[in-house]
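Colleague: I am new to this structure and would like a close look at a single part of it, the strands and how they pair. Please take me through them with some care.

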Amino acid sequence: MAVVVVESPAKAKTINKYLGKDYTVLASFGHVRDLPAKDGSVEPDHDFNMKWEVAADSKKHIKAITDALKDDDTLILATDPDREGEAISWHLEQALEKKLKGKTVSRVTFNAITKPAILEAMKHPRQVDAPLVEAYLARRALDYLVGFNLSPVLWRKLPGARSAGRVQSVCLRLIVEREMEIEAFRAREYWSVTATLANARGAEFTARMVSLGGRKLDKFDLATREAAEIAVQALTSRDLVVQSVEAKPAQRHPTAPFMTSTLQQEASRKFGMGAKQTMAAAQRLYEAGHITYMRTDGIDMAPEAVTQARDEIARRFGKDYVPASPRLYKNKAKNAQEAHECIRPTDMAADPDSLRLAEGDQRKLYDLIWKRTIACQMEAARLERTTAEIGSKDGQVGLRATGQVVLFDGFLKVYEEGRDDEDGDEGRLPQLLQGETTAKKAITPEQHFTQPPPRYTEATLVKRMEELGIGRPSTYASIVTTIQERGYVRKDKNRLIPEDKGRLVTIFLVNYFRKYLEYDFTADLEEQLDDVSAGSRDYKDVLAGFWRDFHAAIEETAELRITDVLEKIDEVLAPHLYPPRDDGSDPRVCPTCGEGRLNLKTARSGGAFIGCSNYPACRYTRPLSGDEGDAELSGDGKLLGHDQGDPIYLRTGRFGPYVQRGEVTADVPKPPRASLPKGWAPDAMDLDRAVSLLSLPRPIGPHPEDGALVEAGIGRFGPYVKHNTTYANLPEVDEVFTIGMNRAVEVLAAKLARGPGRGAAAQPLKVLGDHPDGGSVQVMPGRYGPYVKWDKINATLPKDIDPAAVTMEQALELVAAKAATKGKGKGTKAAKPAAKPKAKTTKATAKSKAKTGKAAD
């Protein structure tokens with residue numbers, strides 16, 4: 001029997017079903033080799049030699065393949081049809097080199113895991129694609145060289161910074177610069193005037209004022225309320241007549257089927273799904289044989305799929321919805337090696353209901369893909385757009401009413417693409433006749449202010465990266481995820497907001513490594529790597545050209561001092577950190593003491609804040625992204641009142657808001673303080689809440705069994721109750737102040753039932769059933785929150801998912817996403833370098849390859 005190797009057990013199970021008993025299908029569980037996470041794994045002085053090692057977790061998978069090959073002479077590498085899949089096949093070939101002597105090794109690829117696609121692929125074996133592997137090696141080497149050379153510079157020169165990456169840092173720059181645009185934005189007032197009118201038959205419609213005094217109104221012509229009131233008076237005092245009515249036919253054509261970037265964008269718009277979440281769901285749909293390969297730059301569709309889609313449209317909606325000729329979509333893919341077919345269902349007749357997919361990410365995503373694919377081959381929507389010009393007979397005022405009506409819905413019957421803005425289509429206008437007089441029902445002036453550019457969502461960020469030529473289908477999700485995991489960016493209501501440390505890292509890199517954060521430079525390097533994959537450029541020439549200048553730039557920072565770096569960042573950020581004051585005074589003078597100068601300071605945690613140069617005499621601080629409105633809580637802070645003769649203050653420091661009893665004195669250098677718990681807003685703090693917080697831990701009473709004191713408090717890991725040496729977590733902070741003895745004893749007993757210490761076997765919150773590959777899938781309580789457990793994989797449960805409501809499908813997606821980061825690393829593709837395809841491997845001590853991703857994309 002031939003031995004077939006794929007990446008995942010789920011994919012192996014599906015393929016084995018199609019190939020039958022003549023084949024043994026095994027999983028490599030992703031990459032089997034990686035670069036050790038230490039200096040010297042890539043050697044620029046030795047022709048960029050790369051030292052690979054087999055990951056500890058991968059040894060058992062290689063042994064399983066080796067054992068299977070003892071009785072078989074044929075090895076078929078059937079990993080994914082992209083650069084990363086090619087690299088996995090190459091690594092397997094290299095790692096098994098000694099065992100493959102005298103055996104036949106071939107490579108097959110397929111774009112869909114269906115029986116016809118797999119059987120057809122088996123008829124066309126080939127060798128591993130050397131240029132594609134070299135493109136992988138070049139990317140992996142570049143990411144390693146940047147990560148392991150630039151990150152130490154950050155650690156030494158910018159306390160608290162974690163790491164930098166070749167593409168990740170450029171992506172972070174986009175988010176930081178957008179935030180600075182928003183902060184620098186100054187809103188401008190303007191007004192508009194709309195009128196509710198009625199035709200001769202009493203049908204009402206809305207028209208917008210477009211001219212005044214015989215002159216066209218521009219956006220800011222009505223700049224004040226007074227100007228708007230003058231316009232209202234001009235309308236009120238004149239009769240309004242319909243001057244012209246024009247109806248024009250129009251068409252709306254369907255959008256192209258999905259490729260990777262557009263799928264991520266649409267899933268974010270419609271469902272709020274992140275890039276990583278989207279790709280995890282798509283991976284499982286692909287492995288189950290429901291959709292074609294999900295990492296692609298291409299939008300073309302196989303002819304047989306087009307024919308099947310047209311037949312399905314006619315069957316479901318009628319022949320009127322099928323265009324006369326098939327719709328063909330083409331784009332100029334940035335990398336022909338990643339321009340696979342579009343993302344589409346493998347069976348056009350299989351809608352979500354027929355597949356019986358459980359509710360969850362996979363069902364939502366499949367429904368999206370199926371509808372978009374069907375819609376892209378449907379007839380265009382036919383519309384009628386009507387514009388009516390209305391004005392006074394003297395020509396002094398003019399209004400315009402617009403309307404749109406759908407005459408034939410076409411593809412809109414199935415699908416309409418989401419939008420990043422909020423604009424909607426106009427409704428239908430009533431029948432209007434030229435020359436008829438309209439009645440004025442209401443005239444409304446409305447105040448507006450210009451809006452700053454919106455913060456990026458994951459969808460709009462991926463779209464912008466694609467426009468700039470930064471990243472590729474296989475890297476979008478990992479780039480966006482990495483900058484969040486490293487604490488450089490946080491996501492709030494689906495918008496990406498840079499943290500202080502992300503802002504500092506960006507300003508540092510832009511000032512000292514500007515070339516490598518330029519969008520054009522990064523895009524040009526991506527194109528060079530695409531040339532390598534096409535076989536038209538030598539990958540070591542690309543590495544040599546990059547390393548020569550990059551190494552020189554690293555050396556130039558050797559003499560930099562931390563104070564120099566902070567002064568430079570302070571100077572660059574000055575317009576944003578110290579905006580002009582309303583009274584015209586120096587914005588850098590401390591608002592508390594009036595003598596010190598404000599400047600940038602960093603905390604050991606890596607956070608940054610603005611502080612007074614007169615510290616410790618003056619304790620004024622405010623957040624980097626705050627304004628002087630925060631000064632109330634800085635320095636002496638806000639006096640909430642007095643308790644037992646002590647003043648109780650609400651203040652803010654480098655680690656956030658806190659309450660304090662009394663003052664710092666020689667006798668009391670550290671007065672009682674308590675940080676505000678998560679979810680407690682400073683605005684809502686009063687004296688009673690502050691005193692309650694400062695009084696913790698709160699005694700509940702003697703335990704009924706031994707008389708030892710039971711207390712409630714807030715610790716490093718959140719609210720708790722304590723009895724002797726037993727600590728039990730509480731679900732809510734507020735319960736610390738209300739919990740009674742009965743509830744406390746119950747919580748403590750539950751903790752004791754699980755056993756003491758870390759080694760205790762926690763009881764599952766929910767048992768979901770068996771994994772398709774065997775073993776129970778459970779939702780477990782954890783020190784840092786609930787998680788899904790299967791075998792040796794623990795996947796953190798997102799905060800917005802209730803542990804009691806987790807479905808098996810959601811759990812499998814989380815486990816698959818976690819396994820990908822530990823195995824193949826599909827979520828960290830931008831971090832995999834290599835040597836020549838034929839280069840000999842060098843054995844080294846196995847290390848966890850997950851560590852490598854910390855210093856490279």
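Modeller: In this predicted model, strand β21, covering residues 638-643, and strand β22, covering residues 646-653, run antiparallel to each other and are joined over five bridges. One position to look at in this pairing is Gly641, whose bridge partner in β22 is Ile648. The two strands form a hairpin with two residues between them, and there Gln644 adopts a positive phi near 55°.

Strands of a sheet pair through backbone hydrogen bonds, in either a parallel or an antiparallel manner. Further along the chain numbering, you can find an open sheet of four strands, which are arranged in the order β29-β30-β31-β32 and pair in the antiparallel sense. The edges of this sheet are taken by β29 (766-770) and β32 (793-796), and because each of them has a single partner strand, one side of each is left without a neighbour in the sheet. From one strand to the next, the twist averages 20°. If you follow the edge strand β29 to its partner, you come to strand β30, residues 776-780, and these two are antiparallel and connected over four bridges; within this pair, Asp770 is placed opposite Ser776 of β30.

For a view beyond the strands, turn to helix α13, residues 458-468, which is mostly covered, with eight of its eleven residues buried. Among the buried residues are Leu461, Val462, Met465 and Leu468, and also Glu458 and Glu466. The helix is followed by Gly469, which has a positive phi near 80°.

Methods: Residues are numbered from 1 along each chain as its sequence is written. This is a predicted model: local features need pLDDT of at least 70, side-chain atom pairs count only at pLDDT 80 or more; totals for chains, interfaces and linings use all residues. Side-chain values use heavy atoms; hydrogens and water are left out. Buried means under 20% relative accessible area, exposed over 50%, partly exposed in between (1.4 Å probe, protein chains only). Two strands pair if DSSP finds at least two bridges between them. Axes are lines fitted to C-alpha atoms, for helices over the stretch in contact, and angles run from 0 to 180 degrees between N-to-C directions.
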